[in-house]
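Here's a quick walk through one structure, from a single loop residue out to the sheet, the charged pairs and the nonpolar cores. Have the viewer open as you read.

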Amino acid sequence: MSLSIRNQLPGTVTTVTPGEAMATVRVRLSGGQDVTAAITRDAADDLALAPGTAVHALVKSTEVSLATGRVEGLSIRNRLPGTVTALSTGAAMASVQVAVEGAELTAAITRDAADDLGLAVGAPVVALVKSTEVSLATGGYRGVSKPQRQQPTATLV
């Protein structure tokens, strides 16, 4: 299976805390940061998640928020400091590439937000992701789907 999800961060499960219906899963990313995923308990059981399980933390780019200053007073568990490496803006939206320790994230935000934050290549930011927006994948998928390029065809006359 290929996925269109841009943010696919490899890591290892460090803790699983099962609840009645949901479980929280702490993942140590390859860059050393911790990410928390809140998934259904059934999903945690189906994936047989336990400390030491290799996973990919998956986050759609539309679920990544950015901050340019100190972040306090938020319930968002996942806060990854990084640096803007690329910025592409359109009339309404912006795609922001952020280098974090050991990985790169893509955030899709409004152009107004990018302008208000004064985002530019090299700017320090904090990527914010709610734990309920993190999905986990174990082996058996092929990563980001990439559009197939059509082979050029020639017409003989």
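Start with Thr53: leaving aside neighbours within four places in sequence, it is in contact with Gly11, Thr12, Val13, Ala48 and Thr138. Keep in mind that this is a predicted model. Thr53 sits in the loop between helix H1 (41–46) and strand S4 (54–59). Is Thr53 buried or exposed? Its relative accessibility is 18%, so it counts as buried, the cut-off for that being under 20%. The Thr53 side chain also has a polar partner in the backbone: it reaches the backbone oxygen of Ala50 at 2.8 Å.

**The sheet**

Strand S4, the one that follows that loop, belongs to an open sheet of five strands. Reading across, the order is S3-S2-S1-S4-S10, and the pairing is antiparallel. Why do strands S3 and S10 each have one side without a neighbour in the sheet? Strand S3 (34–40) and strand S10 (135–137) stand at the edges with a single partner strand each, so one side of each is left open in that sense. Going from one strand to the next, the twist averages 45°.

For a look at one pairing, take strand S1 (residues 7–18) and strand S2 (residues 22–29): they run antiparallel and are joined by seven bridges. Val16 is a handy place to zoom in, as it stands opposite Val25 in S2.

**Charged pairs**

How many salt bridges does a search of the whole structure find? It turns up four. Here are three of the pairs, with the distance between the closest N and O atoms.

| Acid | Base | Closest N and O atoms |
|---|---|---|
| Asp34 | Arg26 | 3.9 Å |
| Asp34 | Arg28 | 2.5 Å |
| Asp115 | Arg111 | 3.7 Å |

Asp115 and Arg111 both lie in helix H2 (residues 111–117), four residues apart, which is about one turn of the helix. Asp115 has 47% relative accessibility and so counts as partly exposed. Arg111 is partly exposed too, with a relative accessible area of 31%.

Elsewhere, salt bridges with shared partners tie Arg26, Arg28 and Asp34 into one network. Asp34 is the residue that bridges to Arg26 and also to Arg28. What about accessibility here? Asp34 comes out at 30% and counts as partly exposed. Arg26, with a relative accessible area of 36%, is partly exposed, and Arg28, at 40% relative accessibility, is partly exposed as well.

**Nonpolar cores**

As a general point, nonpolar side chains in soluble globular proteins tend to be buried together. In this model the largest nonpolar core has 33 residues. Which of them touch the most other members? They are Leu49, Leu66, Val96, Ile109, Leu119, Val134 and Leu136. Strands S1, S2, S3 and S4 each supply at least two residues of this core, and so do strand S6 (78–89), strand S7 (93–100), strand S8 (103–110) and strand S9 (124–129).

Val134 is worth selecting by itself. Not counting residues up to four places away in sequence, Val134 touches Val35, Thr36, Ala37, Ile39, Ala57, Leu58, Val59, Asn78 and Val129.

Apart from the largest core lies another one, made of five residues, including Ala67, Val71, Val126 and Leu128.

Key
Residues numbered from 1 in each chain as written. Predicted model: local features only at pLDDT ≥ 70, side-chain atom pairs only at ≥ 80, totals over all residues. Heavy atoms only, no water. Pairing = 2+ DSSP bridges. Axes fitted to C-alpha atoms, helices over the stretch in contact; angles between N-to-C directions. Salt bridge = Lys/Arg side-chain N within 4 Å of Asp/Glu carboxyl O. Buried < 20%, exposed > 50% of the residue type's maximum accessible area, 1.4 Å probe, protein only. Polar contact = N/O pair within 3.5 Å; in protein donor to acceptor, adjacent residues only side chain to side chain. Contact = heavy atoms within 4.5 Å. Core = buried A, V, L, I, M, F, W, Y, C linked by side-chain atoms within 4.5 Å.
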